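Subject: Structure handover

Hi,

Here is the structure I promised to pass on to you. Have a look at it first, and then read on for what I found in it.

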Amino acid sequence: MDILKIFGFFTPRNRRDFLPSSNSIHQNLVNNGTTNRQDGILISFFGFFRRRFRSGDKIDGGSRTDEEQKVYCWLYALAQSEKDLVFEYVRSTERGLSFTEAEKRLKEYGPNVPLEYTSSNWWQLLWNAFFHPFNIILIVLSVLSYITCDNPNGCIMLTLVFISVSLRFYQEYSSSKAAMKLSEFVRCPVKVQRCAGRFVQNEIIVQVDQRDVVPGDIVIFEPGDLFPGDVRLLSSKQLVVSQSSLTGESWATEKTAEVREEQSTPLLDLRNICFMGTNVVSGSGTGLVVATGSKTYMSTIFANIGKQKLPNDFEEGIRTISYVLILVMLLVVAIIIFADFFASHDLSRSILFGISVACALTPQMLPLIVNTSLSKGALAMARDRCVVKSLSAIRAMGSMDILCIDKTGTLTMNQAVMVNHLDSWGSTKEKVLHFAFLNSYFKTDQKYPLDDAILAYVYTNGYRFQPSKWRKMDEIPFDFIRRRVTVLLEKRSNSKNSQVIDRYMVTKGALEEVMKVCSFVEHVDRDYIRTFSNEDHQRILNVVEQLSNEGLRVIGVAAKSVQMIESGQSMDNEDIVEADMVFLGLISFFNPPKDSAKQALLQLAERGVKAKVLTGDSLSLAIKICKEVGIRTTHVTTGPDLELLSQHAFHETVKSATVLARLTPSQKLRVVQSLQTVDNHIVGFLGDGINDALALDAANVGISVDSGASVAKDLADIILLEKDLNVLVAGVEQGRLTLGNTMKYIKMSVIANVGSVLSIMIATIFLLYEPLTPKQLLVQNFLYSMGQIAIPWDKLEEDYVKTPQRWSVKAWFVEGLLMQALIYHLIRTEKIPFIQEVASWPVLCSTVLISAVAIAIPYTVIGDVMGFVKLPLSYFVFLVVLFIAYFTVGQIVKRLYILVYKNWL
């Protein structure tokens with residue numbers, strides 16, 4: 001596994017906090033409500049043993065970690081404080097830090113890196129791959145085989161160990177190379193204000209590497225800049241910031257320094273705080289760095305990566321079976337050696353016979369069967385354009401019963417489609433569409449998706465606005481400060497006596513920005529214009545709120561007649577030109593769901609996989625999308641609402657809710673953990689952003705897309721080359737096929753081998769002779785194991801694939817009466833084999849081939865070497881009777897097992 005070294009708030013090596021411990025004000029702010037150090041040590045000490053011996057303890061999904069709580073307290077205190085007090089908190093000045101002080105703090109806090117990533121050494125991965133109970137069993141047996149001069153048997157077992165270790169080492173080593181690519185956050189220059197001078201301190205602007213930024217630095221930022229840490233704004237000018245890396249929301253957020261926030265404001269909605277990893281879309285400003293490195297909010301997102309992964313049920317089951325086999329082997333082999341020695345008085349021969357029995361008890365083909373099944377599933381998913389990074393994820397998909405989905409780009413087409421063109425009263429008006437079309441048609445600046453949506457709507461609905469009769473005179477292009485685009489158009493028409501020239505200025509853009517430049521509003525039905533009043537403003541907002549509740553995005557359209565502007569007059573003065581506009585109406589857009597999403601979700605539901613939407617977008621938009629794709633929306637909630645709940649209420653809400661909106665990355669993690677630990681679900685999570693990293697890491701199956709953030713792809717187990725949920729449907733089926741075939745072999749081999757060994761033990765004890773010589777026993781075991789190689793190509797019943805399948809270790813030895821020759825066909829299906837259900841042709845061929853070889857060996861030279869005798873024909877009559885009797889008894893025992901445990905595989 002990858003090793004993530006997270007710098008904690010308190011480390012034994014260096015107890016440094018956000019600021020030095022001498023800052024008592026800061027200590028009071030961040031340590032409010034925390035326990036003392038001794039209590040923490042005791043809790044950690046006893047908590048360690050409780051976690052070791054009480055693995056069933058539930059994770060508290062409703063509360064923050066200590067690290068998160070410290071970050072929250074610190075940032076809220078700064079957001080609610082005046083600027084001069086903020087400088088006091090971080091021990092800085094309006095001039096900035098001196099170079100000497102900055103260097104001192106850099107040594108104290110360390111480089112400004114959110115986390116330090118270190119790959120595991122190859123020898124560590126090799127040791128992890130080697131140290132497995134099943135491998136230890138085979139190695140011990142192979143060593144004993146070599147000691148007793150049974151070299152072929154020892155060679156076979158070492159070869160199987162080599163294959164098993166090599167496959168696992170290759171998988172783990174490949175995964176370790178998927179380091180978290182956060183270099184985009186730590187390798188860019190930052191403009192910092194520092195003070196310098198021996199006698200007179202002067203402010204100077206310097207560029208430093210982001211790694212060298214420290215708390216107390218004053219940073220200057222412009223469009224495109226990344227924030228180098230958590231920043232309290234000091235000044236801002238029309239600042240717009242994208243927080244999509246943290247929230248998943250596609251819309252930008254306005255920030256301002258001239259505000260004091262309230263405690264009730266959600267953390268990511270604080271307008272005077274900017275977070276590490278977010279970037280400036282438009283505007284400019286200055287800010288005071290209040291936290292860097294591991295003390296930032298972004299670091300709390302990654303602090304739990306790799307720590308909350310629940311153990312794999314299948315791997316735990318394999319280990320349990322291995323330990324049981326070791327105990328049974330030690331007991332049975334000791335009894336057999338003692339009984340054989342008592343009869344033969346030949347210690348070396350008895351030990352050799354005991355080793356042979358131990359080999360017969362061991363399911364030697366398990367690594368090959370398991371890895372072949374997984375590789376076959378991975379190849380099948382690769383044909384569906386799906387990259388499987390972790391083979392064990394295929395098996396987990398077979399057990400998955402809840403799929404958590406991030407809405408954007410997965411359920412939706414990720415493109416805008418125009419829906420309505422309304423006036424300020426909410427009525428459909430063609431004039432609004434006409435002027436919006438002219439604006440989109442004539443703008444020469446970059447065409448945005450909304451422009452394409454307007455043009456497509458006009459063309460596909462048969463409107464004829466005749467743009468050829470219009471001519472563009474000038475343009476004020478779109479920018480992220482004004483958030484609108486304006487074009488000056490001219491239309492010439494002939495009257496009876498003269499030529500009439502009509503000039504219009506048409507503005508389109510963000511609704512609030514368009515309304516800012518409007519002094520009038522037009523009543524299209526009555527064809528008159530009146531002053532834009534507060535009543536009009538509120539009425540438009542009500543219309544917009546109704547549209548937003550339907551999941552629609554809205555822009556505003558305005559225009560005015562500008563006969564007084566001559567053709568050559570400049571439009572450089574935007575504040576004068578874009579003024580006294582007439583508000584015409586609204587254009588609404590929708591991000592439609594994919595055609596395949598509804599069908600795929602229905603197929604997943606039919607296979608027992610429930611879908612939950614976890615998104616950072618607004619609740620209204622999420623509900624709109626979910627209704628379109630068939631996800632129930634009777635139980636919904638939001639991140640801010642979850643923050644107010646108790647632990648029990650949190651778990652109950654998560655259990656019932658199908659749509660959870662406005663979630664922070666930490667809340668997505670808690671939702672996934674709640675589903676896993678409280679309700680014992682196998683959870684898959686599909687996400688593609690940095691904000692999905694925690695949930696992807698914690699989920700049983702992490703799924704991302706090829707176009708996702710590098711961090712998301714690194715943490716994912718499966719990567720979709722296409723954003724199509726139908727691929728997941730095929731993956732679920734492959735997972736259940738893989739799990740089912742693997743379970744067939746495990747049950748068959750363990751049960752059959754134990755039954756065979758017990759029969760040998762009984763014969764050795766009571767009949768005082770060896771039923772088979774060591775060589776005969778090893779050859780029989782080898783041939784039988786070879787016959788199971790075709791298991792990964794077997795098929796499963798339709799009922800099995802339709803429901804999630806989990807590993808179970810119940811009643812492993814109930815089927816001990818089943819005969820080894822028929823064990824596979826009896827176990828592979830709950831129906832009557834050969835009558836109601838027939839295995840696939842590779843399995844039938846392997847069964848016939850191995851059976852034929854077994855029957856033929858006594859008549860060959862190999863049989864003479866092995867000490868077999870030629871069987872009379874009358875024996876085969878008895879064999880048929882025994883076959884039918886064993887088949888009947890096995891089927892009866894199987895039906896009793898199903899009756900008691902209510903399931904089979």
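Let me begin with one backbone detail: just after helix H12, His345 takes a positive phi of about 60°. Please keep in mind throughout that this is a predicted model.

**The helix before His345**

Helix H12 covers residues 313–344, which makes 32 residues. How far apart should its ends be at 1.5 Å a residue? The expected span is 46 Å, and the end C-alpha atoms of H12 are 45 Å apart, so the two values agree. Several side chains of H12 are buried, among them Phe314, Ile318, Ile321, Leu325 and Met329. Further along the helix, Val332, Val333 and Ile336 are buried too. The buried set also includes Gly317, Ser322, Ala339 and Asp340. As background for reading such a list, an α-helix has 3.6 residues a turn, so residues three or four places apart point the same way.

**The chain as a whole**

The protein chain has 34 helices and 26 strands. It is made of 905 residues, and 52% of them count as buried. If you take contacts between residues at least 6 apart in sequence, 74% of these join residues at least 24 apart. The chain exposes about 41700 Å², with carbon and sulfur atoms supplying 58% of that area.

**The loop between S10 and H11**

Two residues caught my eye in the loop that runs between strand S10 (279–291) and helix H11 (297–302); one of them is Gly293. Gly293 has a relative accessible area of 4%, so it is buried. Which residues does Gly293 contact, once its neighbours within four places in sequence are left aside? They are Asn112, Val113, Pro114 and Ser299. Pro111 belongs in this picture as well: Gly293 and Pro111 are 182 residues apart in sequence, yet their C-alpha atoms are 6.9 Å apart in space.

The other residue is Lys295, which lies in the loop between S10 and H11. Is Lys295 buried or exposed? With a relative accessible area of 7%, Lys295 is buried. Its side chain makes a polar contact with the side chain of Ser294, at 3.3 Å.

**A nonpolar patch on the surface**

On the surface, Trp127, Phe131, Ile136, Val140, Val143, Leu144 and Ile147 form a nonpolar patch. Together they have about 650 Å² of accessible area. Helix H7 (residues 133–147) gives the most to this patch, contributing five residues. Trp127 is placed in helix H6 (residues 122–130). At 48% relative accessibility, Trp127 counts as partly exposed.

**Salt bridges**

How many salt bridges does a search of the whole structure find? The search gives 25. In general terms, side chains of opposite charge can pair when their charged atoms come close. Here are three of the pairs.

The side chains of Arg105 and Glu101 meet in a salt bridge at 2.8 Å, N to O. Both residues are in helix H5 (residues 99–109), and because they are four residues apart there, about one helical turn separates them. Arg105 is buried, with a relative accessible area of 1%, whereas Glu101 counts as partly exposed at 21%.

Arg483 and Glu254 also meet through their side chains, with a distance of 2.8 Å, N to O. Arg483 lies in the loop between strand S14 (470–476) and strand S15 (484–494), while Glu254 lies in strand S8 (residues 253–255), so this pair ties together parts that are 229 residues apart in sequence. Arg483 counts as buried at 18% relative accessibility, and Glu254 is partly exposed at 44%.

The third pair is Arg484 and Glu513, whose side chains meet in a salt bridge at 3.7 Å, N to O. Arg484 lies in strand S15 and Glu513 in helix H18 (residues 511–516), so the pair ties together parts that are 29 residues apart in sequence. Arg484 is buried, with a relative accessible area of 8%, and Glu513 is buried, with 7%. Salt bridges with shared partners join Glu254, Arg483, Arg484, Glu512, Glu513, Lys516 and Glu578 into one network.

Happy to talk any of this through once you have had a look.

Best wishes

Conventions. Residues are numbered from 1 along each chain as its sequence is written. This is a predicted model: local features need pLDDT of at least 70, side-chain atom pairs count only at pLDDT 80 or more; totals for chains, interfaces and linings use all residues. Side-chain values use heavy atoms; hydrogens and water are left out. The expected span of a helix is 1.5 Å times one less than its number of residues. Buried means under 20% relative accessible area, exposed over 50%, partly exposed in between (1.4 Å probe, protein chains only). Contact means heavy atoms within 4.5 Å. A polar contact is a pair of N or O atoms within 3.5 Å; within protein, one must be able to donate a hydrogen and the other to accept it, and residues adjacent in sequence count only if both atoms are side-chain atoms. Patches are made of residues with over 30% relative accessible area and no salt bridge: like charges are joined within 9 Å, nonpolar side chains (Val, Leu, Ile, Met, Phe, Trp, Tyr) within 5 Å. Accessible areas come from the Shrake-Rupley method with a 1.4 Å probe; for residues, only the protein chains shown count as cover. A salt bridge is a side-chain nitrogen of Lys or Arg within 4 Å of a carboxyl oxygen of Asp or Glu.
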